[in-house]
2 protein chains.
Amino acid sequence: MEVVSENRNFGGRQIVAKHPSEACGCDMTFAVYLPPQAEERAVPVLWYLSGLTCTHENAMTKGGLQEHAARHGLAIVYPDTSPRGETVANDEAYDLGQGAGFYVNASCDPWKPNFQMYDYVTTELRGLVERTFPVNERHGITGHSMGGHGALTIAIRNPDRYQSLTAFAPITNPTRSDWGRKQLSAYLGDDETAWAKYDATLLIEEHGWKGDILIDQGASDQFLNLLMPESFSAAMARRRQPGQFRMQRGYDHSYYFVSTFAGDHVAWHAERLT
Amino acid sequence: MEVVSENRNFGGRQIVAKHPSEACGCDMTFAVYLPPQAEERAVPVLWYLSGLTCTHENAMTKGGLQEHAARHGLAIVYPDTSPRGETVANDEAYDLGQGAGFYVNASCDPWKPNFQMYDYVTTELRGLVERTFPVNERHGITGHSMGGHGALTIAIRNPDRYQSLTAFAPITNPTRSDWGRKQLSAYLGDDETAWAKYDATLLIEEHGWKGDILIDQGASDQFLNLLMPESFSAAMARRRQPGQFRMQRGYDHSYYFVSTFAGDHVAWHAERLT
């Protein structure tokens, strides 16, 4: 692993690093924020998965989570949203290929050799983070939009490995949305039964989740019809899933929405991780 | 004035707007954050002047001031750092011309027709903001790097118009620095007596300031030799100027430094403006 940059921030360290990824078959860049408490002891980790077109950098610079993480003593990991590079498959559309990994393990060419973001996030990068930084085994996960989809599906499928779960404006029902059907078809093929394990609404209906879940969604989000919050919110209610689904008046899909509720989400994770 | 974008943020409104500027002879873009309190009453204003290469956007997305402004009930105005456009003079260097107005009124060609940023910030944009938004007559000013230079020089020269003053890693002695001599010479000509009114160290030695001043400076700032914090800090001490000069261990020149201390600065202004 090679450190690309390090900046002091809120008494802690904002680090960007690069490493050769076996899962993705290319170099991957990620960011990690270590709060001041990490100088003294191992701290819990909050994973923040980003949305379409983002890299590790967007939420790191615009999400405003670090101030809250410093107060509560959480590390934050910001993975990239896909494998990248000239040798990695891509598509001209913003919502397929590089920048749009959807946190799945692709089984179809040309994506299969690199697009293994599910394994990358849950296993490879997690292992690297745990070996490299002063963190403990308590991990929470959140994300925005496509990253909210990643957070929900990953946590619901791995309840033993994540102790807290929230999401900002997540894609919740990709098997029924244009933000999902195209990508799941490309990455996994046309057999829709293979898609179900990457659909948060289907997963929560089948499995529920051990903890309570916090979802924030802007009521003026320009992508509401693609995110389909009603699917997940109905599934939570049908399942009697503990948690909160908050429809926030006036907020759109931008980082102005994410930063506004970043404090609530970090506090939510801190309460459950520390 | 034309609204370019508006996003809900921390219960308030993050607005970007464009207007034809008489002072600058071109269209100018600026941002204003209105806190939730502005729905009910006129609120005080904090001006944030940005540094070299920045537009209105950098601090708006990365500075993290809005959360604190929402808590304290302050509006924030983020002006651009220079006139812009194809008809506006420019230079290939990052530190002269567009993106590098240095908050002066240029008296030399080719800069004179457009580079009137001192008048633009102190008079024209202020008037527009006061006519357009629910703000009152209590204004504070801060800024980063070249913008810290702008904040210090503008407030010291206009104590009747600004009630509070802070700066992040300001250029403090441009008449003696490579961040200053080149630009003051280009914009104002070779007669150095004309430069003195744009040098915070010379101004504070001559005039002092009516209030107390807060300066934060990163001890690991990569531009310390150009900023010359020792000049202003010594001048404050010689003048017995009330205030605080804080040298912050480990911090560099980036927005990770600005965002870390944004809460302190906004609180400082709020205490003096509300």
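These legends describe close-up views of a predicted model.

**View 1. Chain A and chain B about their axis.**
A turn of 180° lays chain A on chain B. The RMSD of this fit is 0.0 Å, and the shift along the axis is 0.0 Å. That is the relation of a two-fold axis. The same surface serves both copies, since 100% of the contact residues of chain A recur in chain B. Which residue of chain A comes closest to the rotation axis? A:K62 does, with its C-alpha at 2.7 Å.

**View 2. The interface of chain A and chain B.**
Chain A gives 22 residues to the contact, and chain B gives 22 residues. The size of an interface is often given as the accessible area lost when the parts come together. Here chain A and chain B bury about 1,700 Å² between them. Carbon and sulfur atoms hold 49% of that area. On the side of chain A that touches chain B, four elements give two or more residues each: β1 (2-9), α1 (57-62), α2 (66-72) and α9 (255-273).

**View 3. Polar contacts across the interface.**
How many residue pairs are in polar contact between chain A and chain B? The count is 15, with both residues at pLDDT 80 or more. Salt bridges across the interface of chain A and chain B number zero.

**View 4. The salt bridge of A:R272 and A:D212.**
Over all chains, the structure holds 20 salt bridges. One salt bridge joins A:R272 to A:D212. Their closest N and O atoms are 2.8 Å apart. The pair links distant parts of the chain, as the two residues lie 60 residues apart. A:R272 belongs to helix α9 of chain A. A:D212 sits in the loop between α6 (200-207) and β8 (213-218) of chain A.

**View 5. The open sheet of chain B.**
Nine strands form this open sheet, with mixed pairing. Their order is β1-β2-β3-β5-β4-β6-β7-β8-β9. Which strands stand at the edges? They are β1 (2-9) and β9 (243-248) of chain B. Each has a single partner strand, so one side of each is left without a neighbour in the sheet. Neighbouring strands of this sheet are turned against each other by 20° on average, direction ignored.

**View 6. Strands β1 and β2 of chain B.**
β1(B) pairs with β2 (residues 12-21) of chain B. The sense is antiparallel, and the pairing runs over seven bridges. Where does B:S5 find its bridge partner? The partner is B:V16, in β2(B).

Note on methods: Residues are numbered from 1 along each chain as its sequence is written. Chains are lettered from A and ligands numbered from 1 in the order in which they are written. This is a predicted model: local features need pLDDT of at least 70, side-chain atom pairs count only at pLDDT 80 or more; totals for chains, interfaces and linings use all residues. Side-chain values use heavy atoms; hydrogens and water are left out. Copies are superposed by least squares on the C-alpha atoms of residues with pLDDT of at least 70 in both. Contact means heavy atoms within 4.5 Å. Two strands pair if DSSP finds at least two bridges between them. Axes are lines fitted to C-alpha atoms, for helices over the stretch in contact, and angles run from 0 to 180 degrees between N-to-C directions. Buried area is the accessible area (1.4 Å probe) that two parts lose on being put together, summed over both. A salt bridge is a side-chain nitrogen of Lys or Arg within 4 Å of a carboxyl oxygen of Asp or Glu. A polar contact is a pair of N or O atoms within 3.5 Å; within protein, one must be able to donate a hydrogen and the other to accept it, and residues adjacent in sequence count only if both atoms are side-chain atoms.
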